[in-house]
Structures are given as structure tokens and as C-alpha cells.
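Biologist: Please choose a single part of this model and take me through it closely, setting out what surrounds it before moving on to the neighbouring parts. I would like the reasoning behind each assignment to be spelled out where there is any.

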Amino acid sequence: MFEKMVTIICNYVEVEPEKITLNSRFMEDLGFTSFDFMSMLGELEDEFDVEIDQQKAANIRTIQEAITYLEELQ
């Protein structure tokens, strides 16, 4: 799942894939804007066939948190 996340992240921000870690923070480390993040959530819903709760998504800061949440939904 991490590799898929990295591919999707690179669609939204200009960051080298090898610099992305499980502890990378979307806003602070990867340069996501709120709009980028919400757009990415839509793509994650399609990719993993889940429905993301916007309130819970607002508390996601790192890639690990996102993966853990997505795994809970599957």
C-alpha cells in the first residue's frame, strides 16, 4: 500500500519518491495544500474502493496514519 500511496502523492506535489517515508507529514514535509489533500483523498477512495470520513481525514497528518486508516476501512 505504501508504494501506491507514494505514486498517488507524486501526482499532487513535486517531491522525489525516495524522499517520502511513512513518517512524512502531508502539509509540513510534502508541501500539500488543503485542496491538494482533499483531492488526493478522492483518488484514494477510488483506488482502494473505500469511503473516507472527512472529519477523520482532517486528523491525518502522516502517511502512516493515512495507511492505517485506509487499512481499517478495507
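**A close look at α4 and its surroundings**

Modeller: Tyr69 is a residue of helix α4, which runs over residues 63–73, and everything that follows refers to a predicted model. Tyr69 has a relative accessibility of 9% and therefore counts as buried, since the cut-off for that class is under 20%. When its neighbours within four places in sequence are set aside, the residues in contact with Tyr69 are Glu51, Ile52, Asp53, Lys56 and Ile60. For one of these, Ile52, a backbone distance can be added: its C-alpha atom is 8.8 Å from that of Tyr69, with the two positions 17 residues apart along the chain.

Tyr69 belongs to a set of buried residues in α4, together with Ile63, Ala66, Ile67 and Leu70. Viewed down the helix axis, the buried residues of α4 fall within an arc of 165 degrees, and so they line one face of the helix. These buried residues pack against α1, α2 and α3, the last of which spans 54–57.

Between α3 and α4 comes a loop, and Ala58 is found there. Ala58 has a relative accessibility of 44%, which means that it counts as partly exposed. Its C-alpha atom is separated by 9.2 Å from that of Met38, a residue 20 places away along the chain.

The start of α4 also leads to another loop, because Ile63 is buried in α4 and is among the residues touched by Ser24, at 5% relative accessibility a buried residue as well. Ser24 sits in the loop that joins α1 (2–10) to α2 (34–48). Leaving out residues up to four places away in sequence, Ser24 touches Lys19, Asp29, Leu30, Arg61 and Thr62 in addition to Ile63. A polar atom of the Ser24 side chain is also 2.9 Å from the backbone nitrogen of Thr21, a separation that falls within the 3.5 Å limit used for polar contacts.

The aromatic side chains complete the picture. There are three aromatic pairs in the structure. In one of them, the ring centres of Phe26 and Phe32 are 5.3 Å apart and the ring planes stand at 90 degrees, so this pair is edge-to-face. Both Phe26 and Phe32 are buried, and ring pairs join these two residues and Phe37 into a cluster.

Conventions
Residues numbered from 1 in each chain as written. Predicted model: local features only at pLDDT ≥ 70, side-chain atom pairs only at ≥ 80, totals over all residues. Heavy atoms only, no water. Helix = DSSP H or I, 4+ residues; strand = E, 2+ residues; numbered from the N terminus. Buried < 20%, exposed > 50% of the residue type's maximum accessible area, 1.4 Å probe, protein only. Polar contact = N/O pair within 3.5 Å; in protein donor to acceptor, adjacent residues only side chain to side chain. Contact = heavy atoms within 4.5 Å. Phe/Tyr/Trp six-rings, centres within 6.5 Å; stacked < 30°, edge-to-face > 60°. Arc of directions from axis to C-beta.
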